[in-house]
Amino acid sequence: MKVPIIMLGSVSELQGYIDKTQLTEDLGGTLDYCHNRWLSRRTAIEGFAQKVKQTAQILQSFGTELAETELPSDVQSTSSLLATHTEKKDKMKEDIRLAVEQGDDILGSITQPVTENPEYKLNQDQLDNQTTVERLLAQLHETETAFDEFWIKHQQKLEQCLHLRNFEQNFREVKAALDIVSERLSAFTDVGNSCSHVEHILKDLANFEEKSHETVAKARMLASEGDAFIQSNHYAMDSIIPKCSELHHLCDAFTTETERRRNLLNKSLELHGILEKSMKWCDEGIYLLASQPVDKCQSQDGAESALQEIEKFLDTGAGNKIKELNKIYREYEHILSEDLKEHVQKVFQKQESMEEMFQKRQVSLKKLAAKQTRPVQPVAPRPEAFVKSPCTSPGLQSEYGSSSESSALRRVNYRRGKSEMTELHQSRGGSAMDDEENLAVLRQHVINELIETERAYVEELLCVLEGYAAEMDNPLMAHLISPELQNKKDILFGNMEEIYHFHNRIFLRELENYIEYPELVGRCFLDQMEDFQIYEKYCQNKPRSESLWRQFSDSVFFQECQRKLDHKLSLDSYLLKPVQRITKYQLLLKEMLKYSKNCEGAEDLQEALTSILGILKAVNDSMHQIAITGYDGNLSELGKLLMQGSFNVWTDHKKGHSKVKDLARFKPMQRHLFLHEKAVLFCKKREENGEGYEKAPSYSYKHSLNMAAVGITENVKGDAKKFEIWYNAREEVYIIQAPTPEVKATWVNEIRKVLTSQLQACREASQHRTLEQTQSLPLPASSCTSPSQNHIRNTKKMEEKKADLTSQEVYGITAAPKYPEKGKETPSSSAKSQTLPMILLTGPGWSKTSHSLDASEENDGWSSAEDPLNSSDAEEDGGGGGSEMKLTPGKYTVVTDYEKGVAEEFTVKSGDLVQLIREGEDGLWYVKNLSTGRDGWIPASNLLMLIGNSKSAQSLSSSESGTASSTLSTSSSCSDSCNVSSTSFSDIKG
């Protein structure tokens, strides 16, 4: 195709061919066109189109991602996912907003001329650009709208998932809480054993229900929340509906079970009320029978009065006694456990027994009330009969049926007299039976009081432990407890919980087994006597508890606990209950023993009473013991505390100054003595000022004596209340003056027991070692054999002599005074002081003393006439010193026969010369009889007896023959129990 080409030389020529409206202004036309502007606008439109395309793609990709995301299974992940998606959505929305702003800017620049000049008309190019931008903006809005709709659905699903996860988590927590309260509710199986117990359980149930109310309310609220999800067409309805149903079921079951338990307890309370009314009625009836004096009932008026009292009392039984046992079983079938059923039977049996007693009493009283003095019908007797048998008074005849009546009257009234005699004998026999019956009634009354007060005591302890002690650990009450009181529950309450468990689980149940056999209740106490030792620990802690209470008695915490418990008395009154209870037992046992003296269990009752009093004494002693101050060691290492008391004490020490010894007789010291198994402590009593237990005195420790080195002198001249305690062979002497002779006797007996037990232990240990040595040591062969019969006879004679001395004199103790009081006679006028003399041996190397049991047998005349205060001086003058004796090789003269060897017979006779050659193991000496040429092994202790009175030995007694007082010491035997070579009682006894 050919196109004409025209060459123009000017603008005017161009305008001739093209209209001015189609030409730009630089060519003389009116067309508004700028090429740079067109380029920039076109670039902007293409960039906006690309932005719209990218945004659509991103939104589509994000939507695909959201649609394919799996929903989490827990709250944390769901919340995190929702937050992440929301953040991405917000970012996408921001990008869309920026794109829309960009499109609006481009469109505004296109339409700007029209905006500025409404008459301005856009050219075609501008119109095309406007159309393009408007189309892109519309596409962008459509994409945004579709995304918003998708996001709303996705967000709703995520929120529902989050709600579901929260619901599931709350469901698990609530269900666990409901399971816990249901389990605790199932523990309320006890229907109680008394009205007070049932009331306490009902109170606990009410408190439990109040505490569980929050859990049940939370469960019901969660169930309502689940129902709301179901109503809003939650996507997980299939999972929510079963959970809501389960919550409703658990709440309803808990409420129903609580109500059922409450109804059972109310039924139990009703039953126990009936039982207690019946028991109270029986007790009142028994008391009525016991309070009716038998002597007054013998008269007609007295019998009628007693009968009216009985009938009046029986009329009150309509509303108090159990009428039909089977009806009780039917009506209270659901709560009758085996124990409760047995209790009902016992109460009913008690009621029947009481009614039977009333019936018997009624029969007896009716007979007595129906007695009338019948007039004697006059019958003409034969004169001789009248003369021979003068008639007694009609009253005597009527009452006693006298055999001295006339034969005529006897014939007329024979049957009547016989009948009345029978009635009288029955009434008298009935009186004896009534006495025993009254004692049985009183015993039953005591056992009832014992059991009822025991139940009340257990309830009070439980109330304190739950209402005060447990609340100290309650976080809800922590803000009421002052910091100084925290962590001091053990000080305030001591071992009350241990006491409660003993009484609740053991002692109360055991007591209830004796309700039908009250006279045997002593066995119950004896079986549990060891457990009563827990009261000693409680009483020892009581001063600390009371001191702590006085500091914090005004605490808001204690006031709040008292308000909750509705107690009229404060806590300190209840903390005193264990102390009061342990003292109450001895009173009840005394009452029971008074009414059971001829019963089978009287001995057990007496033993139980003695044991309880012993516990009270131990508790009292321990209260004094804990007040000892200044003692460096551990008091528990001294053994059991046996006695304690205040005394006047004089001292007399060998090593002291003579003036001190003189003044010791006239200036006594006030000392409080504590006798333990291993030591006696001397303390000074100091009174304290304060309140309650702080008023108790304290005891400043002064010194102590080891019981292994202690001896006693029972009687001191001139004062029946004095005795001596001496130490280390009278190096230290303490003259003790008791408040009364009885106190002195008690202390002396107790010290004697301690020393005797120590001597016995030493003797057994020594005999055991001697036996082992005899069996193990090789002995030299001896060619001499003594006659076996003489050996056995002499050996038995010696052993019997020593055994008799030991048993009768208690290892050298005697109380026979050498100078009898006026008007009194000594057990034996020729009796010598049977004390423990000290033998001083002056043979080669023998320079120390030792106690010898048999020395008194060999030397009956060895006794000192000096005053007890100066007996230690006599020892000092004699050079004894009281130290341990040592044997050394040498030659000695035998002073008594000996026919007892170790492995084989070895005999020595009085006057034989023996040589101590060497010392073997375990205190055996190899000895040669120089008179016979034979040799053998002899215990060192026996050597003392053989040569103790030889020419090379002298003797000195430390016994108190001046007053013939008895003396006991274990200073040498016990302290040297491990050294058989020293003199000991076990060795001397062979």
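Two strands pair if DSSP finds at least two bridges between them. The exercises below apply this criterion and others to a predicted model.

**Exercise 1.** Determine in which sense strands β3 and β4 pair, and over how many bridges.

*Solution.* Step 1: locate the strands; β3 covers residues 669–676 and β4 covers residues 679–686. Step 2: count the bridges; there are four, and the pairing is antiparallel. Step 3: identify a facing pair; L673 stands opposite F682 in β4. Step 4: examine the connection; two residues lie between β3 and β4, which form a hairpin.

**Exercise 2.** Establish how β4 pairs with strand β5.

*Solution.* Step 1: strand β5 comprises residues 698–706, and its pairing with β4 is antiparallel over eight bridges. Step 2: as a facing pair, C683 stands opposite Y701 in β5.

**Exercise 3.** Describe the sheet that contains β11, β12, β13 and β14, and state which strands stand at its edges.

*Solution.* Step 1: the sheet is open, has four strands in the order β11-β12-β13-β14, and is antiparallel in its pairing. Step 2: β11 (890–893) and β14 (935–939) each have a single partner strand, so one side of each lacks a neighbour in the sheet and these two strands are the edges. Step 3: from one strand to the next, the twist averages 35°. Step 4: within the sheet, β12 (residues 913–919) and β13 (residues 924–929) pair over five antiparallel bridges, and Q915 stands opposite K928 in β13. Step 5: helix α27 (residues 940–947) packs on the sheet and touches β11, β12, β13 and β14. The direction of α27 makes about 100° with that of β14.

**Exercise 4.** Classify the packing of helices α7 and α10 by angle and by handedness.

*Solution.* Step 1: α7 (residues 237–291) and α10 (residues 338–370) pack at an angle of about 30°, and their axes are 10 Å apart. Step 2: angles under 35 degrees count as roughly parallel, and α7 and α10 are therefore roughly parallel to each other. Step 3: their crossing is left-handed. Step 4: the contact includes L271, W281 and I286 of α7, and among the residues of α10 are L340, M354 and F358. Step 5: by class, the residues of this contact divide into 14 nonpolar, five polar and four charged.

**Exercise 5.** State how confident the predictor is overall, and where the pLDDT falls below 50.

*Solution.* Step 1: the average pLDDT of the protein is 74, with 73% of the residues scoring at least 70. Step 2: residues 372–429 have a pLDDT below 50; this stretch has 45 contacts in the model beyond near neighbours in sequence. Step 3: residues 657–664 also have a pLDDT below 50, with seven such contacts.

Methods: Residues numbered from 1 in each chain as written. Predicted model: local features only at pLDDT ≥ 70, side-chain atom pairs only at ≥ 80, totals over all residues. Heavy atoms only, no water. Axes fitted to C-alpha atoms, helices over the stretch in contact; angles between N-to-C directions. Parallel < 35°, antiparallel > 145°, perpendicular 65-115°, else oblique. Left-handed = near helix turned anticlockwise from the far one by under 90°. Contact = heavy atoms within 4.5 Å. Nonpolar A, V, L, I, M, F, W, Y, C, P; charged D, E, K, R; others polar. pLDDT = per-residue confidence, 0-100.
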